[in-house]
Structures are given as structure tokens and as C-alpha cells.
Amino acid sequence: MAEALRPFRLRGCRDPQKFGVAAGSLRGLLRKGCRLLQLPLPGSRLCLYEDGTELTESYFRALPPQTELVLLGPGESWQGCASDIERFLAAFCEQRAAVVEAARKLLSDERAPRRQKLLADLIHNLSGNIPAEGRREDEKWFEGLESRFKNKSSYMRYSCESRIRSYMKEVSSFISSVHPTARDAYKGIIDLMSDKLKSVKYNGCYFDRREEEAVRLCTAEGWFSCQGPFDRADCPCKHSINPYSNRESRILFSTWNLDHIIEKKRAVVPELAEAVKTRGGREVNWEYFYQLLFTVDNLKLVHIACHKKTNHNLSCDKTKIYKTRKQNHKIS
């Protein structure tokens, strides 16, 4: 007895246009899809649009009607709905108008709330004046900012510097909680950290799209992606933003957090104070604490909704708290 036909929404990986196709088996759907999209049947396969999971016959039977699928030809791959966004970003510099139009077409036929929001945010950002850098080129972006900021990158650097300075202030103010006999040594470490931060301009380049270091936090020119909760590999909601796009995006980006994976207040600073107190004749490895407090070695850029306020239950690496002494070997 033939399997009952069920309807699915089918598209190719390079074209957002979707087609309604009904089939009772995976093989039947694959055959119809290849005819429709003019792809060779050998080497072609079907996967879920949402996350790129490749279909098997048993998995196919469990799918609800109207599931959105992607037909892949030989050599093609699909990483989930984010693949659409990645292609938009790659094409943006040369085909801005086409990217916006393609996003609008996707949005007009989109039903999932999460993807609707992602596409709407993308259109909003791409409709801004991202390439503009100076105040005269995009006066609206600078509304509400002091006149001393002449370009977007200078303000973004200042914004990052302010965050890092606030961390330095917290570390310095903790001195009142340090054991009295260790306060001078603690202050000495604070001075070393402060000097290093001044030498690198408080790591302001992290948010500067023109600096090489910013690449570590960017997915493309000026784009920043949420790096997700500390215990997940990726942001589950695929948050992304370009604060250089328009005034609204600049303001919204200020709500994003730099989240310490090993927590600053609960773990890093108290551990530093304890290390200074119990150091004996050992030398505290202040560079290790510096990395945890002020660099992307321990900082993740996260959307406010992904900023986990609960205890991370992570601690400093005990083997790195003190500097190891070099052994001098005598040759007899």
C-alpha cells in the first residue's frame, strides 16, 4: 500500500524561494525535489532548514507536515538557518540593496518567530549607513554624543575603554578587603596591571572595526555576534548586531555585556587577594590575573538575554597563580 502523501516546504541552499511538495517517502520527495530544482538525483540529499540535520527515511516519517527542508546538490552543505544570514553578510559590501531585498523576501514567507526577529534585525541594520565613519557622513548616528567624538571608531574605542576602566576600578577598590599585611603587595600588582592597560590603551581596540584585534570579536566588518552563555558553544538565539549601522543599534549595543567566564567578583579578584596574602616567598603571576580580568581570554561578548547572572562555579587555575621558578642546573 502506497504511503499517504504529506506536504513539505522545499527550497535550495542558494535560492530562498520555497515550493510546496508532497511525498510519501524520503526517496519520493528527493526525486520530486531534484526535478523541480533541476539537480541531479545521484549525490543529492535533504536536510532540515532549521539546523541542517540530514534526513534518513525513519527521520522523514516522523516529520510533521509543512516542515521546511533544504535540497542539497552534490558538494553542497547547509549549516542551518544561519547560513542565509552568513551569505547576506558576505554579499553585503558589494550588493547591499540586493541583500536587503533578499532578506525581505525571506521574511515575507517566514513563520518561525525567532527567524522572523533575526531577519527583521538584519534588515534594520543593513538599512543603516554602516560604511560611514565620520560625523559629517552620518550625523544622526552621533546624536546625543559629545562633539569630541569625530568618528564612529573613536566612540566605540572609548566605550570599550570605559568598560575596562570600570573593571580596573573594581579590582582597585577591593584593597579594603585584602589582609592588612598584604595590601602593599596587592597595590603593587594593581599598579603593574594599570601600567599595562595604559600601554595598550585599555584594550579599546576590541570594539574598533578598524583594528586587527577587533577581529577576535567580529564576524564581519563591524558586526558583533553574541558568544553565548559560558557553558554553551554558541548563542542559542543567534544574536548579532552592527553598532556602526545606526543610532538605535549603537544604543542597543551598549546593553550587551562583556561576561567574565571565570567570574570577576566571585572568583578572580578574591583569588588574587588570597594569592598575595599567602604567597610566602613566591611571586604572584599577575599577568595570569590580568588576562582573566581584562582580555578576551576570559571575556565573552553576550547579548543581555544570554548574560548568565547565576554562579558560574568556575575557579582560577591553581597551577598558574604563582610564577614557576627557573631551575639553575650546575655543570660538574
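# A friendly tour of salt bridges and helix crossings

The side chains of Lys323 and Glu287 meet in a salt bridge, with N and O 3.3 Å apart. The pair joins distant parts of the chain, since Lys323 sits in the segment after strand S9 (299-302) while Glu287 belongs to helix H10, 36 residues away. Keep in mind as you look around that this is a predicted model. Below we visit more salt bridges, then the helix crossings, then a buried proline and two unusual backbone angles.

**Salt bridges**

- Side chains of opposite charge can pair when their charged atoms come close.
- How many salt bridges does a search of the whole structure find? The search finds 14.
- In the pair we began with, Lys323 is partly exposed at 30% relative accessibility, and Glu287 is partly exposed at 30% as well.
- Arg14 pairs with Glu76, and their closest N and O atoms are 3.4 Å apart. This salt bridge links distant parts of the chain, 62 residues apart: Arg14 is in the loop between strand S1 (6-12) and strand S2 (19-23), and Glu76 is in the loop between strand S4 (68-72) and helix H3 (82-92).
- Are Arg14 and Glu76 buried or exposed? Arg14 is exposed, because its relative accessible area of 66% is over the 50% cut-off. Glu76 is buried, because its 16% falls under the 20% cut-off.
- Arg247 forms a salt bridge with Glu143, where the closest N and O atoms are 4.0 Å apart. Arg247 lies in helix H8 (residues 247-253) and Glu143 in the loop between helix H5 (113-126) and helix H6 (152-173), so this pair ties together parts that are 104 residues apart in sequence.
- Arg247 has a relative accessible area of 28% and counts as partly exposed. Glu143, at 42%, is partly exposed too.
- Which residues are linked with Arg9 in a network of salt bridges? Lys18 and Glu68 are linked with Arg9 in that network.

**Where helix H7 meets helix H10**

- The axes of H7 (residues 183-199) and H10 (residues 286-294) come within 10 Å and cross at roughly 55°. That angle makes H7 oblique to H10.
- The crossing of H7 past H10 is right-handed.
- On the H7 side, the contact is made by Ile189, Leu192, Met193, Lys196 and Leu197. On the H10 side, the contact is made by Trp286, Phe289, Tyr290, Leu293 and Phe294.
- Sorted by character, the residues of this contact are nine nonpolar, no polar and one charged. The charged one is Lys196 of H7, because Lys counts as charged.

**Where helix H7 meets helix H9**

- H7 also passes helix H9 (residues 264-277): the axes come within 9 Å and cross at roughly 125°. H7 and H9 are therefore oblique to each other.
- Is the crossing of H7 past H9 left-handed or right-handed? H7 passes H9 in a right-handed crossing.
- H7 brings Ala185, Tyr186, Ile189 and Met193 to this contact, and H9 brings Val269, Leu272, Ala273 and Val276.
- The residues in the contact of H7 with H9 divide into eight nonpolar, no polar and no charged.
- Ile189 and Met193 of H7 are worth finding on the structure: they take part in the contact with H10 and in the contact with H9.

**A buried proline**

- Pro243 sits in the loop between strand S7 (240-241) and H8.
- Pro243 counts as buried, with 0% relative accessibility.
- Leaving out residues up to four places away in sequence, Pro243 touches Trp141, Met156, Gly222, Phe224, Ser249, Arg250 and Phe253.
- Pro243 and Gly128 are 115 residues apart in sequence, but their C-alpha atoms are 9.9 Å apart in space.

**Two unusual backbone angles**

- Most residues other than glycine have a negative phi.
- Lys201 is not a glycine, yet its phi is positive, at about 55°. Tyr202 has a positive phi of about 55° as well, and is not a glycine either.
- Where do Lys201 and Tyr202 lie? Lys201 is in the loop between H7 and strand S5 (218-220), and Tyr202 is in the loop between H7 and S5 too.
- Lys201 is exposed, at 61% relative accessibility, whereas Tyr202 is buried, with a relative accessible area of 10%.

Notes. Residues numbered from 1 in each chain as written. Predicted model: local features only at pLDDT ≥ 70, side-chain atom pairs only at ≥ 80, totals over all residues. Heavy atoms only, no water. Axes fitted to C-alpha atoms, helices over the stretch in contact; angles between N-to-C directions. Helix = DSSP H or I, 4+ residues; strand = E, 2+ residues; numbered from the N terminus. Parallel < 35°, antiparallel > 145°, perpendicular 65-115°, else oblique. Left-handed = near helix turned anticlockwise from the far one by under 90°. Contact = heavy atoms within 4.5 Å. Buried < 20%, exposed > 50% of the residue type's maximum accessible area, 1.4 Å probe, protein only.
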